[in-house]
Amino acid sequence: MGVFAGQQRAPLAAPRPSPEGSYHRTGQPVPPPGTSSFRLGTCKWKLWQGHSEAVIAVAAGLQWGDPITTLQEGMDPFEDTLQRLREAFRSGRTRPAEFRAAQLKGLGRFLQDNKQLLQEALAQDLRKSAFESEVSEISISQGEINLALRNLRAWMKDETVPKNLATQLDSAFIRKEPFGLVLIIAPWNYPLNLTLVPLVGALAAGNCVVLKPSEFSKNTERVLVEVLPRYLDRSCFAVVLGGPEETGQLLEHKFDYIFFTGSPRVGKIVMAAAAKHLTPVTLELGGKNPCYVDDNCDAQTVANRVALFRYFNAGQTCVAPDYVLCSPEMQERLVPALQSAITRFYGEDPRASPDLGRIISEKHFQRLRGLLGCGRVAIGGQSEESDRYIVSRLPNTQIPSFSPSTCCSTAVTPGPVGPRFPACAPAGLSLQSSPGLWAPRLGDAAAPTGWDLGPWAEIFGPILPIVTVRSLDEAIDFINRREKPLALYTFSNSSQVVKQVLARTSSGGFCGNDGFMHLILASLPFGGVGASGMGSYHGKFSFDTFSHHRACLLRSPGMEKIYSIRYPPYSSRNLRMMLVAMEARSCSCTLL
Ligand SMILES: NC(=O)c1ccc[n+]([C@@H]2O[C@H](COP(=O)([O-])OP(=O)(O)OC[C@H]3O[C@@H](n4cnc5c(N)ncnc54)[C@H](O)[C@@H]3O)[C@@H](O)[C@H]2O)c1
């Protein structure tokens, strides 16, 4: 069960006390503030510390003092809200440009009025610095709002299309119309950006929206559920809270479009649920993003850029460089350069740096810690559970000879520091399907004995493996043997090398000589391909994603004589005329 915030009319920051018992009809007492969750009927409700009444009221869409309905066994907790939103859409009120612009402006005001609150929430969730919050969450969302507001009318305009002879006198155009009720499911790593940027597209396109933030970024989730609805038309918009169970229940309902950002595993669940209703989806998924470094590069420049984008948001970025591919010679130069970059960025004791984020949760911390100790450590390696702190570390893997057949070997490569690992290091580099185990320890009975080209877990944390390869061809082969990544990075002083990697590989996005800078350009679509996702958004692509492209042809009610060549009884003469009119014959065809 989730909690809705779509209709509350009372300010929630300081909920005023209400008469005991006024929130329930069936005699169930409202639990005391501070209770984290409780059950009403079959449904589990989430409560915020000190805000229990507020959230219950929000959930039921009531004003203070109103009684709430206790959900009974078998009642569908979502149906009422979804029905309300569907009716709002059917009424047509979300379609006019003025309405859409008002929603977008409301979203902009939400960001401006609550900037500090949002920065605090992001700091509490991920210890995100004000700099990173501003750049990657608030400003990027504001930029999308501004762009949509500037271009809304142009985007909404019917798009005329070229015509053939048969339609020369007609009006032919594509109308961008809203899908209807849209569900946006977001992850926790950029909890504001990844909810609001899709929301901008959905609102600009004139849809009603249900927003489902991640349950892991609790503080941001709380601002989204308690504050955001005050800035939007609540009859057309709702926030739903919940984890896998609640989202699963929500997905049983029919939506007109589902936009999901998250892991490939859950992406499959969402897509399967959508298929039951033939609901179209955009899936923004994760994956492993290779970063090829050519020998001709300046190692320090590469190290600065790779370190920035690997450790931004403590490595919890879907487009972060996941691993480096380079020659053993470049590795020798890159490791000290990375050490230097990390020290300059985060100081001698990165734990004290205000600029290095933290792992989102205990569960995610433990997963990442499971990855540590599996390779030869080049830099860092400390972790602190109480603080969910993991500092940059380079489990250094070597591939003496990149050859799938030799990788069946169980020989070990001695490493100067840390535990040793099999020579078939690439097979240990997250190539196994078991998440968390990404490089087998020496003597590990479960050590892989060959190439597993199945799913391999993305690191999604501040750990950067280096995989050595002997040539550009080997690097490209390494990339192409795996699932298509969300992003691919290539560093080289030779534009030929950059272009070669671009031409011979496939990925959602590509950036030469830098990290994920390609996604700050709203004129580029952002999205994955293959296992990293389907569909795209940002800027006008968001508007188009959330719009059905309706093919429209308006013909004359007259001209029956000309149109009649289509009617039976068919004749070869009419057929020839038809084919010419449809321009379905080759240019060399002579008329009749
Ligand atoms: N492509 C992108 O733009 C992008 C951006 C950020 C993150 N990601 C990916 O997201 C992942 C990290 O985020 P995450 O851990 O929040 O992902 P996740 O897939 O675990 O969760 C995403 C959302 O799905 C919901 N969910 C979780 N389990 C569910 C289930 N069984 N049924 C229905 N809904 C469920 C969660 O509540 C959350 O709102 C990484 O794989 C990362 O690469 C992709």
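In what sense, and over how many bridges, do S4 and strand S5 (residues 171-178) pair? In this predicted model, the two strands run in the antiparallel sense and share two bridges. Within this pairing, Thr160 stands opposite Phe173 of S5. S5 also pairs with S23, again in the antiparallel sense, here over eight bridges. One bridge in that pairing joins Pro178 to Ser547 in S23. The result is an open sheet of three strands in the order S4-S5-S23, with antiparallel pairing. Strand S4 (159-160) and strand S23 (547-554) are the edge strands, and each pairs on one side only. In a regular strand, side chains alternate between the two faces of the sheet.

The sheet belongs to a protein of 18 helices and 23 strands. Of its 592 residues, 54% are buried. Contacts between residues at least 6 apart in sequence were also examined: 73% of these join residues at least 24 apart. The accessible surface comes to about 24,900 Å². Carbon and sulfur atoms account for 56% of that surface.

The domain assignment gives domain 1 (78-286) and domain 2 (287-393 + 457-527). Their centres, taken over C-alpha atoms, are separated by 30 Å. Contact between the domains involves 19 residues of domain 1 and 26 residues of domain 2. The area buried between them is about 1,900 Å². Carbon and sulfur atoms give 56% of this buried area.

The unreviewed UniProt entry carries the annotation "domain: Aldehyde dehydrogenase" for residues 79-372 and 457-548. In the span of residues 457-548, helix makes up 28% and strand 17%. The end C-alpha atoms of this span lie 34 Å apart.

An "active site" annotation in the unreviewed UniProt entry covers Glu284. Glu284 is placed in strand S10 (residues 281-284). Is this residue, Glu284, buried or exposed? Glu284 has a relative accessible area of 3%, and is therefore buried. Residues up to four places away in sequence are not counted among its contacts. Beyond these, Glu284 touches Phe259, Phe260, Thr261 and Gly262. Glu284 also touches Phe526, Gly527, Gly528 and Ser532. Gly535, Ser536 and Tyr537 complete the list of residues that Glu284 touches.

Several backbone features were noted in loops. Most residues other than glycine have a negative phi, and most peptide bonds are trans. Arg127 is not a glycine, yet has a positive phi of about 50°. Arg127 lies in the loop between helix H4 (115-126) and helix H5 (130-156). With a relative accessible area of 28%, Arg127 is partly exposed. Met559 likewise has a positive phi, near 55°. Met559 is found in the loop between S23 and H17. Its relative accessible area is 29%, so Met559 is partly exposed. The peptide bond from Pro568 to Pro569 is cis, with omega near 0°. Pro569 sits in the loop between helix H17 (560-563) and helix H18 (572-581).

Notes: Residues are numbered from 1 along each chain as its sequence is written. This is a predicted model: local features need pLDDT of at least 70, side-chain atom pairs count only at pLDDT 80 or more; totals for chains, interfaces and linings use all residues. Side-chain values use heavy atoms; hydrogens and water are left out. UniProt positions are given in the numbering used here, feature names are shortened, and annotations may be inferred rather than shown by experiment. Helices (H or I, at least four residues) and strands (E, at least two) are DSSP runs, numbered from the N terminus. Buried means under 20% relative accessible area, exposed over 50%, partly exposed in between (1.4 Å probe, protein chains only). Contact means heavy atoms within 4.5 Å. Two strands pair if DSSP finds at least two bridges between them. Accessible areas come from the Shrake-Rupley method with a 1.4 Å probe; for residues, only the protein chains shown count as cover. Domain bounds come from an automatic or database domain assignment. Buried area is the accessible area (1.4 Å probe) that two parts lose on being put together, summed over both.
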